[in-house]
Amino acid sequence: MRARADGPLVGGAATAYVERRLLHPMASLNRFPKFFLIETVNTCNARCIMCGIDFDKKSKKIMEDDLFGKIVGELGQHRDHVEKVMLYLDGEPLLDKKLAARVARVKDAGIKTVNIATNASLLFEKTSRALIEAGLDEIYITIDSMKKDVYEAIRVRLDFDDVLQNTLRFIELRDAINPRLRIRVQMIKQELNHTEEPAFRAFWKDRLKPTDQIVVQKAHNWASAVDVMKFGDEDDVNNYPCIALWGTCVIHVNGDVPLCCMDTETKHKMGNVHTQTVAEIWTGEPMRAAREKHLGGRRQQIAMCDGCTLWREQKHETGNLPAEPS
């Protein structure tokens, strides 16, 4: 584990930190996003207790085909630069009935890795087969407890037995259809489950491949919007620039590009891909100004960034993990 900073990293030290975390030089990171979070649907069938989003106030929209096609067209032009496209954001991506076709469309554009993250409640066999056959490269499945009562107290509205059986069947189908597809089973560590990590890892270890991932991820505070379990590193987060500003371009269902994935209501609008290219937004003045504050040790000047624990120095407790924001 990296030692805590004595004070805010600035200038060259801040730049080196971003480059170390994202494994790319700053010039490459500034040119075009390496990673994308694309929200094709903005609703969810769960009401998780640690979530900072009020889905009852969401408009429940699906991204229009033309807009999705415009985005994918530009991504294809940068296929050698882009590392990963994640077809999800705040809600449950399987509520988008076109998801498998959209996975296939992104793969046809030449993108190396296409990923989704799901609560698995809707990961039925037909859907699983369609996603695997479409060319999905990775799937993140969050199961916050192996105890039915604890799981259902955290993932309100979901049924533990359904989620578990859907996940186990997906693993079987993956092994049969495309063994290269990587599965990450993860748990969000919080007050109700913080003692369960050993049992969680033991359960999944014998059911997954060595190339898969078992991850325990610290609950974060949704840009200080919710109170969650403390892990002892909360007071240090403002000392580091947030890697999300260089790593991941977030696109909402209506085409808005917010500051980051925590900007769930687009309070800091960087642009809109209806009228701009991703490249124009990524290199534009709003994004440049936000990055300048982070590199100057002044992230607290952006209220949303002040104290946000999403991309703390140690987001994950342990695990075989990629470097990019995900």
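What follows is a chat between two people about a predicted model.

Colleague: I'm new to this one, so what should I keep in mind, and how big is the largest pocket in volume?

Modeller: Keep in mind that this is a predicted model; its largest pocket has a volume of about 830 Å³. The lining of that pocket is made by 39 residues, and those closest to the centre are Tyr88, Leu89, Asp90, His220 and Trp222.

Colleague: Which elements give two or more residues to that lining?

Modeller: Five strands do so, namely β2 (47–48), β4 (113–118), β5 (138–142), β7 (182–189) and β8 (213–218). The one that gives the most is β7, which supplies three residues to the lining of the largest pocket.

Colleague: And by class, what is the lining of the largest pocket made of?

Modeller: Sorted by class, the lining of the largest pocket holds 23 nonpolar residues, together with nine polar and seven charged ones.

Colleague: OK, what about cavities, how many are there of 30 Å³ or more?

Modeller: The count comes to one cavity of 30 Å³ or more, and the space in the largest cavity is about 90 Å³. Its lining includes Cys242, Ala244 and Leu245, and also Cys260, Met262, His294 and Trp311. Divided by class, the residues lining the largest cavity are 10 nonpolar, one polar and one charged.

Colleague: How does anyone find empty space like that in the first place?

Modeller: The general idea is that a probe the size of a water molecule is rolled over the atoms, and this shows where empty space is left.

Colleague: Changing topic, how many salt bridges does the structure hold?

Modeller: The structure holds 24 salt bridges. In one of them the side chains of Arg47 and Asp56 meet, at 2.9 Å from N to O.

Colleague: Is Arg47 in that pair buried or exposed?

Modeller: Arg47 counts as buried because its relative accessibility is 19%, under the 20% cut-off. Its partner Asp56 counts as exposed, since its relative accessibility is 53%.

Colleague: Which residue does the side chain of Asp137 meet in a salt bridge?

Modeller: Asp137 meets the side chain of Lys107, again in a salt bridge with an N to O distance of 2.9 Å. This pair links distant parts of the chain, with Asp137 in the loop between α5 (125–134) and β5 and Lys107 in helix α4 (residues 99–108), the two being 30 residues apart. Asp137 counts as partly exposed, because its relative accessibility is 21%, and Lys107 is partly exposed too, with a relative accessible area of 23%.

Colleague: Where do Arg201 and Glu197 sit, and by how much of a helix are they separated?

Modeller: Arg201 and Glu197 lie in helix α8 (residues 197–205), and because they are four residues apart they are separated by about one helical turn. They form a salt bridge in which the closest N and O atoms are 2.9 Å apart, and both residues are buried. Elsewhere, salt bridges that share partners join Asp65, Asp96, Lys98 and Arg102 into one network.

Colleague: On to the backbone, which sign of phi do most residues have?

Modeller: As a general rule, most residues other than glycine have a negative phi. Leu23 has a positive value, near 60 degrees, and is not a glycine. Ala223, also not a glycine, has a positive phi of about 55 degrees.

Colleague: Where is Leu23 found, and where does Ala223 lie?

Modeller: Leu23 is found in the loop between α1 (11–22) and α2 (26–31), and it counts as exposed because its relative accessibility is 61%. Ala223 lies in the loop between β8 and α9 (244–247) and is buried, with a relative accessible area of 16%.

Colleague: What about Met229, where is its place?

Modeller: The loop between β8 and α9 is also the place of Met229, and this residue is buried, with a relative accessible area of 17%. From Met229 to Glu152 there are 77 residues in sequence and 18 Å in space, taken C-alpha to C-alpha.

Colleague: Last one, which residues make the nonpolar surface patch of about 240 Å²?

Modeller: That nonpolar surface patch is made by Ile49, Val156 and Leu192. Among them, Val156 lies in strand β6 (residues 155–156), and it counts as partly exposed because its relative accessibility is 32%.

Notes:
Residues are numbered from 1 along each chain as its sequence is written. This is a predicted model: local features need pLDDT of at least 70, side-chain atom pairs count only at pLDDT 80 or more; totals for chains, interfaces and linings use all residues. Side-chain values use heavy atoms; hydrogens and water are left out. Patches are made of residues with over 30% relative accessible area and no salt bridge: like charges are joined within 9 Å, nonpolar side chains (Val, Leu, Ile, Met, Phe, Trp, Tyr) within 5 Å. Accessible areas come from the Shrake-Rupley method with a 1.4 Å probe; for residues, only the protein chains shown count as cover. A salt bridge is a side-chain nitrogen of Lys or Arg within 4 Å of a carboxyl oxygen of Asp or Glu. Buried means under 20% relative accessible area, exposed over 50%, partly exposed in between (1.4 Å probe, protein chains only). On a 1 Å grid over the protein atoms alone, a cavity is a set of points where a 1.4 Å probe fits but cannot get out, and a pocket is an open set with protein on both sides within 12 Å along at least five of seven lines; lining residues have an atom within 4 Å of a point. Grid points are joined across faces, edges and corners, and a volume is the space filled by probe spheres set on the points. Ala, Val, Leu, Ile, Met, Phe, Trp, Tyr, Cys and Pro count as nonpolar, Asp, Glu, Lys and Arg as charged, and the others, Gly among them, as polar.
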